[in-house]
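Q: Could you pick one part of this model and take me through it closely? I'd like to see how it sits in the rest of the protein, too.

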Amino acid sequence: MRRLIALLVPALFLTAASSVSAQQIVARTPQGAAAVETLQTENGVRLSITASGAEPQVFDGVGDALVPLRAGNRSGPVVAFDIDRDGIDEIFVRSSSQQRGVLIVFRWDAAANEYAPVTFTEDAGAPKPYLIVHLSQPVSINGTVVETNHDSNEGGRKRLRVFRYRWNGSGFEQTTDH
């Protein structure tokens, strides 16, 4: 029995370590299921999306490492979630880049027959195809809203703020109800 445990423990650690750097999920598209896979490469995280009967879409450098997020009852660095309830999943990817957190969301583009990044618009600023989030604070998707926690130290006092970004039909806009 001890030999079996000794053999399984390294395999368990190897599996746990690889799950942090790679993940596979399935997303719903109009063509059926799409395989979504992340892989840690020497150039950072590579995201591959392969819809049924189509060439794979490959997005290199979506971050340095994967970081978990939460969507409903699911958790992981890559989550397929139908935020607009149209029967087609959006793909949420949370990663780190240069000591910061990054959230990228991909939505099915029916005209191009592929996934494309959506934009995030903050109170002041131009729309961007990503959202900078705190590296160690939670990011969650609740209904049609992405919530990000940010902490800061101002004048020796720690301050925690929640920022909310509401789905507007084509991207996310920062809301004032925070």
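A: Let's start with the overall wiring: residues 24 or more positions apart account for 41% of the contacts in the protein with a separation of 6 or more. Keep in mind that this is a predicted model. The secondary structure comes to one helix and 17 strands, and of the 178 residues, 37% count as buried.

The part I'd zoom in on is β1 and its surroundings. β1 belongs to an open sheet of four strands, ordered β1-β2-β3-β4 with antiparallel pairing. β1 and β4 (57-60) are the edge strands, and each of them pairs on one side only. From one strand to the next, the twist averages 15°.

Now for the start of that sheet. β1 and β2 make a hairpin with two residues between them, and eight bridges join these antiparallel strands. If you want to check the register, Gln24 stands opposite Glu37 in β2, and Arg28 stands opposite Ala33 in β2.

As for the side chains, in a regular strand they alternate between the two faces of the sheet. β1 shows this nicely: Gln23, Ile25, Ala27 and Thr29 point to one face and are buried. Ala22, Gln24, Val26 and Arg28 point to the other face and are not buried.

What do the strands around here pack into? The largest nonpolar core has 20 residues, and within this core Val36, Ile91, Val93 and Tyr115 touch the most other members. At least two core residues come from each of β1 (22-29), β2 (32-41), β3 (44-51), β8 (78-81), β9 (90-97) and β10 (100-109). Val36 is a good residue to click on. Leaving out residues up to four places away in sequence, Val36 touches Gln23, Gln24, Ile25 and Ala27, along with Leu47, Ser48, Ile49, Val78 and Ile91. Apart from this core lies another one, of 19 residues, including Leu69, Phe92, Leu103 and Phe120.

Tyr115 also brings us to the aromatics. The structure holds seven aromatic pairs. In one of them, Trp108 and Tyr115 have ring centres 5.3 Å apart and planes at 80°, so the pair is edge-to-face. Both partners are buried: Trp108 has a relative accessible area of 9% and Tyr115 has 1%. Another edge-to-face pair is Phe120 with Tyr165, at 6.2 Å centre to centre and 80° between the planes. Phe120 lies in β12 and Tyr165 in β16, so this pair ties together parts that are 45 residues apart in sequence. Phe120 is buried, with a relative accessible area of 1%, and Tyr165 is buried too, at 2%. Zoom out a little and you find Phe120 and Tyr165 in one aromatic cluster with Phe81, Phe92, Trp167 and Phe172.

That leads on to the sheet that holds β12 and β16. This open sheet has seven strands in the order β7-β6-β14-β15-β16-β17-β12, with mixed pairing. β7 (74-76) and β12 (119-121) stand at the edges with a single partner strand each, so one side of each has no neighbour in the sheet. Neighbouring strands here are turned by 25° against each other on average, direction ignored. β16 (residues 157-167) and β17 (residues 171-174) pair in the antiparallel sense over three bridges. Trp167 stands opposite Phe172 in β17, and both residues belong to the aromatic cluster.

One last stop is Thr148, in β15 (residues 145-154). Thr148 is buried, with a relative accessible area of 0%. The Thr148 side chain has a polar contact of 3.3 Å with the side chain of His150. Setting aside residues up to four places away in sequence, Thr148 touches Leu131, Val133, Pro138, Val139, Arg161, Val162, Phe163 and Tyr165. Among those is Tyr165, the ring that pairs edge-to-face with Phe120.

Notes. Residues numbered from 1 in each chain as written. Predicted model: local features only at pLDDT ≥ 70, side-chain atom pairs only at ≥ 80, totals over all residues. Heavy atoms only, no water. Core = buried A, V, L, I, M, F, W, Y, C linked by side-chain atoms within 4.5 Å. Buried < 20%, exposed > 50% of the residue type's maximum accessible area, 1.4 Å probe, protein only. Contact = heavy atoms within 4.5 Å. Pairing = 2+ DSSP bridges. Axes fitted to C-alpha atoms, helices over the stretch in contact; angles between N-to-C directions. Polar contact = N/O pair within 3.5 Å; in protein donor to acceptor, adjacent residues only side chain to side chain. Phe/Tyr/Trp six-rings, centres within 6.5 Å; stacked < 30°, edge-to-face > 60°.
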